[in-house]
Amino acid sequence: MVKRNLSLNLEFRDPSMTTTTGLASSYHAHIYFDAESRDRARALRELISETFEGLGIGRFHEKHVGPHPRWSCQISFSLDMFAVIVPWLMVNRDGLIIFLHPVTDDDLADHKDFPLWMGEILPLGLDMFRK
Ligand code: ZN
């Protein structure tokens with residue numbers, strides 16, 4: 001097995017946004033929902049806040065915000081939480097779509113090139129990030 005330097009393909013412009021491994025130091029998980037799945041999303045948000053400390057739990061938006069194509073709620077967390085929160089979300093997302101991305105100084109790449117999706121992949125409104 002070949003070990004590769006994780007930082008090879010992750011040369012962000014602002015080194016303060018990354019760790020010494022070249023990985024982003026923070027991440028967002030956006031929980032997507034609609035009128036039909038609102039209650040499950042609210043329950044998941046509640047379960048996250050009961051289960052974890054040190055996360056940033058955003059507002060419950062029953063409207064489209066930013067590039068997001070569904071109603072959404074943002075969970076933000078640091079790299080050292082990644083290995084805990086991501087596997088947990090995989091088995092606890094209750095069928096909800098989750099869009100997860102790193103937070104670097106390049107919003108377009110974060111949303112277009114770097115994301116991880118749980119469930120369906122949805123088109124985002126990326127024009128807001130294009131200059
Ligand atoms: Zn985000």
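**Group meeting: the sheet and its helices**

Strand β1, residues 26-33, and strand β4, residues 98-102, pair in the antiparallel sense over 5 bridges. One of the pairs to look at is A29, whose bridge partner in β4 is L100. Keep in mind that this is a predicted model.

Now the other neighbour of β1. With strand β3, residues 71-78, β1 makes 8 bridges, again antiparallel. Two pairs to pick out on screen. Y27 stands opposite F77 in β3. Y32 has S72 as its bridge partner in β3.

How covered is β1? Mostly: 6 of its 8 residues are buried.

Step back to the whole sheet. There are 5 strands, and the sheet is open. Read across, the order is β2-β3-β1-β4-β5, with antiparallel pairing. The edges are β2 and β5, residues 116-118, and each of these pairs on one side only. On average, neighbouring strands are turned by 15 degrees against each other, ignoring direction. As background, strands of a sheet pair through backbone hydrogen bonds, either parallel or antiparallel.

Stay at the edge for a moment. G58 lies in strand β2. Is G58 buried, exposed or partly exposed? It counts as partly exposed, because it has 16 C-beta neighbours inside 10 Å; buried would take 20 or more. Leaving out residues up to four places away in sequence, G58 touches C73, Q74 and I75. Its C-alpha atom is separated by 9.2 Å from that of S72, 14 residues apart along the chain.

Next, helix α1, residues 38-51. A quick geometry check. At 1.5 Å a residue, its 14 residues should span 20 Å. The end C-alpha atoms are 20 Å apart, so the two agree.

Which residues of α1 are buried? A41, L44 and I48 are. Down the helix axis, the buried residues fall within an arc of 60 degrees, so they line one face. The general rule fits here: an α-helix has 3.6 residues a turn, so residues three or four places apart point the same way. Turned away from that buried side is a face with the exposed residues D39, A43, E46, S49 and E50.

What covers the buried residues of α1? The cover includes β1, β2 (56-61), β3 and α2 (79-92).

Last, α2 itself. This helix lies across β1, β3, β4 and β5. Against β3, α2 runs at about 140 degrees.

To recap. β1 pairs with β3 and with β4. α1 has its buried residues on one face. α2 lies across four named strands: β1, β3, β4 and β5.

Methods:
Residues are numbered from 1 along each chain as its sequence is written. This is a predicted model: local features need pLDDT of at least 70, side-chain atom pairs count only at pLDDT 80 or more; totals for chains, interfaces and linings use all residues. A residue is buried if 20 or more other C-beta atoms lie within 10 Å of its own, exposed if 12 or fewer, and partly exposed in between; C-beta atoms are placed from the backbone. Helices (H or I, at least four residues) and strands (E, at least two) are DSSP runs, numbered from the N terminus. Two strands pair if DSSP finds at least two bridges between them. The expected span of a helix is 1.5 Å times one less than its number of residues. The arc is that of the directions from the helix axis to the C-beta atoms. Two residues are in contact if their C-beta atoms, placed from the backbone, lie within 7 Å. Axes are lines fitted to C-alpha atoms, for helices over the stretch in contact, and angles run from 0 to 180 degrees between N-to-C directions.
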